[in-house]
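Reader: I would like to go through the terms used for this model and see what each one rests on. Please set each value against its definition.

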Amino acid sequence: MYIVVLIGLLAFYIAGLFSLQFFKNIKVANLLFALLTFVFYIPVVIVAYTKNGFNDWNFLNTLPTANVSPFMFTICLIICFLPTKIKKPFLTLISLLSLGMILSPIISIIGYISRSYAFHFEFVFDFIAHFVLSLWGIYLVKTKQTFTNLKGLLASGSIIVGVALVMVILNIIFDQSFFGLSLNGKHNIYGVRVVENSCLSAFIYFIGLILIEFLGFFYSGLLSKITLRQQDKQS
């Protein structure tokens, strides 16, 4: 079943890419992308709570303190109503995360297939939320709503890095594992314990986060150019 879901998601993503040209009103489009992301994210939280309860890791992993994806899903609607000067760095951040947002569900699905993991329909909502946010990131670049200068890009990318650093501090104070960045042995990287050393795991996490933002800059830029060329051909 996960194979069917993956094929369907990729078809949805490709169709979405070539539909970006029809979103003429930028403010409405931004609100629509944010609303769709949030709407698909909420059922995941509700189902996880209903099935497993408040203290279960399945529910805790859907909360904004769990990792980058749920954090972005939670604040996406708020971003639309921020003042322009504050909004632009956050919009740029979304574009920088566009690659990560599509890779995360694809890697998860491949992992589920390889382990013959039981199918859970609510996961599909989570996958779609990732794909919608990725499409939004590309749309933001396409419509020139993001920074292109190095200073603006660094400032935007540092937002989520800063959030992760805050999580490290909170983890130390409250002995938690928000973002998987525990330094007391509860560490993980998206649910996987890559190494036994907590500090090394945190280092790998931050390097990976910065790398995915770096690659995301080129990814969103490339796909925005492709969709612009397609638009020019049709006009």
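Author: Buried residues make up 45% of the 235 residues in the protein chain. The model is predicted, so local features need pLDDT of at least 70 and side-chain atom pairs count only at pLDDT 80 or more, while totals for chains, interfaces and linings use all residues. Residues are numbered from 1 along each chain as its sequence is written, and side-chain values use heavy atoms, with hydrogens and water left out.

Reader: Why is Phe-179 called buried?

Author: Buried means under 20% relative accessible area, exposed over 50%, and partly exposed in between (1.4 Å probe, protein chains only). Phe-179 has 0% relative accessibility, so Phe-179 counts as buried.

Reader: What makes Asp-175 partly exposed?

Author: Its relative accessible area is 36%. That value lies between the cut-offs of 20% and 50%, so the term is partly exposed.

Reader: Where are these two residues, and what is the sign of phi at each?

Author: Asp-175 is in the loop between α8 and α9, and Phe-179 lies in the loop between α8 and α9 as well. Helices here are DSSP runs (H or I, at least four residues), numbered from the N terminus. Phi is positive at Asp-175, about 55 degrees, and at Phe-179, about 60 degrees; neither is a glycine. Most residues other than glycine have a negative phi.

Reader: How do you know that the span of helix α1 agrees with the expected one?

Author: The expected span is 1.5 Å times one less than the number of residues. For the 16 residues of α1 (residues 2-17) this gives 22 Å, and the end C-alpha atoms are 22 Å apart, so the two agree.

Reader: What makes the buried residues of α1 line one face?

Author: Seen down the helix axis, they fall within an arc of 105 degrees, taken over the directions from the axis to the C-beta atoms, so they line one face. The buried residues of α1 include Tyr-2, Leu-9 and Tyr-13. On the other side of α1, Ile-3, Val-4 and Ile-7 are exposed.

Reader: What is called a nonpolar core, and which residues have the most contacts inside the largest one?

Author: A nonpolar core is a set of buried Ala, Val, Leu, Ile, Met, Phe, Trp, Tyr and Cys residues joined through side-chain atoms within 4.5 Å. The largest has 62 residues, and those with the most contacts inside it are Tyr-13, Val-68, Met-72, Trp-136, Ile-160 and Phe-179. α7 gives the most to this core, with 13 residues.
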